[in-house]
Amino acid sequence: MRALLLGGAGFIGLHLARRLVADGYEITVVDDFSRGREDADLNELRAHPSVRVLSADLTDAATYARLPHGWDQIYLLAAVVGVRNVEQDPARVVRVNTLVAMHLLDWVAPGERVFFASTSEVYAGGVDAGVVAVPTAEDVPAMVSDVTAPRFAYAVSKLLGEAAFLHTARARGFDAVVGRFHNVYGPRMGADHVIPEMALRAVSGEDPFRVPGADQFRAFCHVGDAVEAMVRLMAAPGAAGQIVHIGNDREETNIGDLAKLVLRVAEAGPAIEPSPAPPGSVHRRCPDLSRLRGLTGYEPAVTLEEGVRSTFAWYREHGRPS
Ligand SMILES: NC(=O)c1ccc[n+]([C@@H]2O[C@H](COP(=O)([O-])OP(=O)(O)OC[C@H]3O[C@@H](n4cnc5c(N)ncnc54)[C@H](O)[C@@H]3O)[C@@H](O)[C@H]2O)c1
């Protein structure tokens, strides 16, 4: 099996790459290293004889033109992600996330199967408006509460990608699977997301320990489980043409309790200082995984405590990624 991982040097991409190599795939990773890292983990992967790593910008159609065809699987993970990026430069988020998708669509060949990485953010507006139930299934209305708010630039770019992949695949004779990730976390995911960010503050001994959005609810999914779901979906004939939620619905937690778990793992006992959630952040998020289970038999396997422990250990050893 041959797989092409676009944006494969990033967080989910590197964990997926390791898994595919362990399963005997030949893989090619393409990344511009705008967020992906040339670190020891990537170098270890690169040293494997069945791995090729190319540094190239996927917003440039010429990058695709230089790639061979004949892939069994193509994963589009490349995107500008993260609340900080979206707040600082929403125009870049729209431009990059749209162009990488459009150029891939112009290039992909009949018979190839594409995974498009989307997000729970596409329906988050509906949760806060009270029109979308939680746990949330795929068929709820996608909703953007305020198109002028920078944070929705990301959701809009992913929603456009979902529609583009599903319609174009049907018209052009290739398979597309849209996976909407829900709060995936784990080692090597940068420092912007809540679990690594808390882990790093716990390591630094912050006291009092700030907990923004302590009363918000999330269902965190360890990256090992997310990768398992992706691999199963790409092998499931019935997943073609579908939007599928990916996450862990077993251990929804509020952020205050998550902070207590991180501090227990860190063996730290600071005073806890709750503060308001960042503006526009959805109050509750948890996927309904019925479709994923029905298509693949997937069950989340990593408990929140196990996942937080391994993630904390990684951040204590490596510190804040540069
Ligand atoms: N991590 C999550 O919980 C989560 C949640 C929802 C959706 N997603 C989606 O999953 C995908 C992977 O997310 P991640 O957390 O691994 O993010 P990430 O930022 O770690 O990975 C994205 C990769 O894309 C690369 N990239 C960006 N622009 C590029 C360009 N123009 N050309 C080539 N490479 C480029 C980056 O360098 C990075 O390595 C993204 O599409 C993201 O929107 C992730």
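This briefing covers two sheets and the helices H1, H8 and H10 of the structure shown above. The structure is a predicted model, and its features are described here by strand and helix number. One open sheet has seven strands with parallel pairing, while another open sheet is formed by three strands whose pairing is mixed. Helix H10, which spans residues 255–265, holds several buried residues, and helix H8 is among the elements that cover them.

**The seven-stranded sheet**

- The strands of this open sheet follow the order E3-E2-E1-E4-E5-E6-E11, and their pairing is parallel.
- Its edges are formed by strand E3 (51–55) and strand E11 (242–246), each of which pairs on one side only.
- Neighbouring strands in this sheet are turned against each other by 20° on average, with direction ignored.
- Strand E1 (residues 2–6) and strand E2 (residues 26–31) run parallel and are joined by five bridges, and Arg 2 stands opposite Glu 26 in E2.
- Helix H1 (residues 11–22) packs on the sheet, where it touches E1, E2, E3 and strand E4 (73–76), and the direction of H1 makes about 165° with that of E2.

**The three-stranded sheet**

- The order of the strands in this open sheet is E12-E9-E14, and the pairing is mixed.
- E12 and strand E14 (284–285) are the edge strands, each pairing on one side only.
- Between E9 and E12 the pairing is antiparallel and extends over two bridges, with Phe 217 standing opposite Asn 254 in E12.

**Helix H10 and its surroundings**

- The buried residues in H10 (residues 255–265) are Ile 255, Leu 258, Ala 259, Val 262 and Leu 263.
- Viewed down the axis of H10, these buried residues fall within an arc of 135°, and they therefore line one face of the helix.
- The cover over the buried residues of H10 includes helix H8 (194–203) and helix H12 (304–318), together with strand E8 (209–212), strand E9 (217–218), strand E12 (253–254) and strand E13 (272–275).
- Just after H10, Glu 267 takes a positive phi of about 55°.

**How H8 meets H10**

- The axes of H8 and H10 come within 10 Å and cross at roughly 45°, which means that H8 is oblique to H10.
- On the H8 side the contact is made by Val 194, Met 198, Ala 199 and Ala 202, and on the H10 side by Ile 255, Ala 259, Val 262 and Leu 263.
- The crossing in which H8 passes H10 is right-handed.

How values were computed:
Residues are numbered from 1 along each chain as its sequence is written. This is a predicted model: local features need pLDDT of at least 70, side-chain atom pairs count only at pLDDT 80 or more; totals for chains, interfaces and linings use all residues. A residue is buried if 20 or more other C-beta atoms lie within 10 Å of its own, exposed if 12 or fewer, and partly exposed in between; C-beta atoms are placed from the backbone. Helices (H or I, at least four residues) and strands (E, at least two) are DSSP runs, numbered from the N terminus. The arc is that of the directions from the helix axis to the C-beta atoms. Two residues are in contact if their C-beta atoms, placed from the backbone, lie within 7 Å. Two strands pair if DSSP finds at least two bridges between them. Axes are lines fitted to C-alpha atoms, for helices over the stretch in contact, and angles run from 0 to 180 degrees between N-to-C directions. Angles under 35 degrees count as roughly parallel, over 145 as roughly antiparallel, 65 to 115 as roughly perpendicular and the rest as oblique. A crossing is left-handed if the near helix is turned anticlockwise from the far one by less than a right angle, and right-handed if clockwise.
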